[in-house]
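Grab a pencil and work through a few short exercises on the protein below. Try each task yourself before you read its solution.

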Amino acid sequence: MIELRTPTQIDQMRPAGRFVASVISALAEKADVGVNLLELDELAHRMIKDAGAESCYIDYHPSFGASPFGKVLCTSVNDAVLHGLPFDYVLQDGDLLSVDFAAAVDGWVSDSALSVIVGTPREEDQQLIATTEKALAAGIAAARAGNRLGDISFGIGSVAHEAGLKVNLQFGGHGVGRTMHGEPHVPNDGRPGRGLKLRPGLVIAIEPWFLHSTDEIVFDPDGWTIRSADGSRGAHAEHTVAITDGDPIVLTARD
Ligand code: MG
């Protein structure tokens with residue numbers, strides 16, 4: 001079921017958005033050569049406790065996970081791109097790190113992701129991240145009442161295709177509200193003018209993720225961490241966005 005939020009409810013969702021944005025910013029600042037992924041998870045965990053927020057991930061146990069997630073943050077490094085389960089790994093010079101974080105404040109969820117390079121960047125990785133961010137911006141620009149869901153997907157996919165990237169359709173954006181994953185599914189490629197008509201009050205996570213040279217993925221044995229099938233690196237960008245009768249509101253916008 002697709003739920004629409006009133007303007008008052010969208011205002012009530014703002015603290016969760018601001019909190020998630022603050023955690024993403026803190027993680028981006030902390031991520032550096034020599035930092036362990038478990039330290040990033042601990043930082044996010046501490047911020048959750050200090051804010052009186054609730055983790056959406058720690059008890060999350062969908063059918064594809066071998067066990068509950070057990071951490072509060074996804075950390076995906078290099079050829080890992082989604083759902084990376086934080087483990088005892090120290091970031092190395094040139095690593096491409098994607099963090100994905102969702103939490104609830106006052107019973108409302110927000111969800112956001114960001115990719116960064118630690119240490120010395122490779123130009124191709126910088127370009128991949130820039131393309132992913134550009135695709136997110138295109139998706140947000142299309143998140144307007146009167147448009148259709150396919151316009152968001154088309155906006156995202158067009159940026160990918162222009163950059164010569166393939167798009168995987170197995171994982172994409174989703175409705176966000178009282179829980180982390182609701183309807184509708186928001187594919188990262190599609191045809192304009194098709195699909196669900198966008199109405200004020202629809203709140204969705206828009207989340208392009210692309211791999212350098214493939215659209216095929218493989219899963220780690222734990223069922224969580226998703227990697228490129230060919231070992232090429234991936235990048236991910238995500239915001240939680242409220243559609244209004246005017247401009248979209250990016251609830252997880254960072255300062
Ligand atoms: Mg997310």
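**Exercise 1. Find the partner of E39, and work out how open to solvent the two residues are.**

Step 1: Look for an oppositely charged side chain. E39 and K30 meet in a salt bridge, with N and O 3.7 Å apart. That fits the rule: a side-chain nitrogen of Lys or Arg within 4 Å of a carboxyl oxygen of Asp or Glu.

Step 2: Check exposure. E39 has a relative accessible area of 31%, and K30 has 34%. Buried means under 20%, exposed over 50%, and partly exposed in between (1.4 Å probe, protein chains only). So E39 is partly exposed, and so is K30.

Before going on, a word on the model: it is predicted, local features need pLDDT of at least 70, side-chain atom pairs count only at pLDDT 80 or more, and totals for chains, interfaces and linings use all residues. Residues are numbered from 1 along each chain as its sequence is written, and side-chain values use heavy atoms, leaving out hydrogens and water.

**Exercise 2. Which parts of the chain does the salt bridge between D247 and R144 tie together?**

Step 1: Find the pair. Their side chains meet at 2.9 Å, N to O.

Step 2: Locate each residue. D247 sits in the loop between β13 (239–242) and β14 (249–250), while R144 is in the loop between α3 (123–141) and α4 (149–162), so the bridge ties together parts 103 residues apart in sequence. Helices (H or I, at least four residues) and strands (E, at least two) are DSSP runs, numbered from the N terminus.

Step 3: Compare with the whole structure. A full search finds nine salt bridges.

**Exercise 3. Which residues are the protein donors of the magnesium ion?**

Step 1: Apply the cut-off. Donors are N, O and S atoms within 2.8 Å of the metal (3.2 Å for Na, K and Ca); water is not among the atoms, so sites may look incomplete.

Step 2: List them. You get D100 (OD), D111 (OD) and E238 (OE), at 2.0 to 2.1 Å.

Step 3: Place two of them. D100 belongs to strand β4 (residues 96–105) and D111 to strand β5 (residues 108–117), 11 residues apart. Both D100 and D111 are buried.

**Exercise 4. Which helix or strand gives the most to the largest nonpolar core?**

Step 1: Define the core: buried Ala, Val, Leu, Ile, Met, Phe, Trp, Tyr and Cys residues joined through side-chain atoms within 4.5 Å.

Step 2: Find it. The largest has 27 residues, including F19 and L91.

Step 3: Name the top supplier. That's α1, with seven residues.
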